[in-house]
Amino acid sequence: MFSAGTSYYGGLVQSHAPSAFDLRHYLSSYNKTSKCVIPCKARSLSQFSCGGSSADQEIVIAMGSNVGDRVSTFDRALQMMKSSGVNITRHACLYETAPAYVTDQPRFLNSAIRGTTRLGPYELLKKLKEIEKDIGRTGGIRYGPRPIDLDILLYGNSQIHSETLIVPHERIHERPFVLAPLVDLLGTSRDDGIETSWQSLSKCSGGFFELWNKLGGESLIGTEGIKRVLPVGNRLLDWCERALIMGILNVTPDSFSDGGKFQQVEAAISQAKLLISQGADIIDIGAQSTKPFAKRLSPNEELARLIPVLDEVTKIPEIEGKLLSVDTFYAEVATEAVKRGVHMINDVSGGQLDPRILKVVAELGVPYVVMHTRGDPSTMQSEENLQYVDLFSEIASELYTKVREAELSGIPLWRIIVDPGIGFSKKSGDNLEVIAGLRSIRRGMGKTSIGASHAPILLGTSRKSFLGDICHHANPAERDHVTLGCVTVGVWCGANIVRVHNARYGADGAKLGDAFRKSSGFVQA
């Protein structure tokens, strides 16, 4: 149950003390304001008896799978829904869940999508059943194994009750594996009219938020019953277990910290092995500097630096079980990198420098890091781009805009990692505030999308100039111990992946941050 001191929003749970954004206050406010809202009126079945709708209807469809390659099945189902008249606008996070009702079967993947359609509810139901059949679902025991399960949870502001279709879905209130992704598709701001209607359809004064918390809410996440996961490589990564270490491998002549040190293949391979031995979970290879005023390379120039190193890194025995990332904003580089074994793309521009990368990454089906910045390396530290009225609110809003662009381009939320962009379009003091205020940024994104507020956060503070300013270390290589302190605070405040030059210092800092976080009662995203 939802305890007196538990905060849901902002992607964290604090069990021992109220947070700055306590769900009780939100629900209290919701209950008061909802008295002024005219309850939505159930639409009659006759309105839907003749086929399609004359206007777009907002819908929510739940997804489940526990047979075969579950992630690939979800990808296929998304494409088939798009081809069948469903315009997908949002995705929930991805959850691996224990089977319910019939427990002697494999674990499920669950999620949900939000979108619009002109199909009538019965037309939509027919299309979903056809997709299930095409993917391979056949008759079987109720609640038993199935390659795909697609259920209409919500259809416009309608209530439908017939032999073949009940909307809202009749078992929403008892299923954590349905409520968790459904809540992801909502926001906390109450500015969305259809969401107000949907909340009233829940038949609960606090809406679906209260239903979710009655089942246990965020305290359930990370248990054997339900885990929030990131599909990467051939695994499902539970990033809430501990902070992950991303080791930086720059093969550039002009990076601010180690430019020129690892341009030669042999030196780069030695550094990759060192990072792994120090505790890196991910190796992030960058072949183009993005420091302020860095000269921009063409895709071919970047590939010429990257490919010789990447090809050799994939061959070393130490890379077994580790993840490879490439730091690029070019679609061509992303495509070639993934072909050669890279598992994820880290784009400092969030799709702004080469908009084609969003569609390309969607087709590649790999995780995508979306970073907050303004302008490009030549303008990001301009006076105009350093101005904030409300730092957290503006970063959250601008970051979510990039997340939404990625989703609309076909990258599901469950493959998106967010980076607040330390050192990018921020003053020294701003960087400190962002590190300590990661939960505030999560809450800001949660106003529009609770799912986005749960996305893994990547934090890159390593050796950056603001650390040198504070501790008076002009040489970036002398800032590793200071980076350790930043990593500790960042992980404590909600970072899930830390990007570092020295993986040993990074791993120690992450362990400390995880320990502080757990002792404080916080549960990550």
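In the predicted model, I285 has V326 of strand β13 as its bridge partner. This pairing belongs to the contact between strand β12, which spans residues 282-286, and β13, where 5 bridges join the two strands in a parallel arrangement. Strand β13 is also joined to strand β14 (residues 344-347), again in parallel, through 3 bridges, and here the bridge partner of D327 is N346 in β14. The connection from β13 to β14 involves helix α9, formed by residues 331-339, and the three elements together make a right-handed β-α-β unit.

The surroundings of β13 were examined next. Of the 5 residues in this strand, which covers residues 323-327, 5 are buried, and the strand is therefore largely enclosed by the rest of the structure. In a regular strand, the side chains alternate between the two faces of the sheet. In β13, L323, S325 and D327 point one way, whereas L324 and V326 point the other way, and the residues of both sets are buried. Thus V326, the bridge partner of I285, and D327, the bridge partner of N346, point in opposite ways from β13, and both are buried.

A separate part of the chain concerns T138, which is placed in the loop between α3 (121-135) and β6 (149-155). The relative accessibility of T138 is 64%, and because this value lies over the 50% cut-off, the residue counts as exposed. Between T138 and I148, which are 10 residues apart in sequence, the C-alpha to C-alpha distance is 9.9 Å.

Notes. Residues are numbered from 1 along each chain as its sequence is written. This is a predicted model: local features need pLDDT of at least 70, side-chain atom pairs count only at pLDDT 80 or more; totals for chains, interfaces and linings use all residues. Side-chain values use heavy atoms; hydrogens and water are left out. Buried means under 20% relative accessible area, exposed over 50%, partly exposed in between (1.4 Å probe, protein chains only). Helices (H or I, at least four residues) and strands (E, at least two) are DSSP runs, numbered from the N terminus. Two strands pair if DSSP finds at least two bridges between them. A crossover is right-handed if, with the strands pointing away from the viewer, the path from the first strand over the helix to the second runs clockwise.
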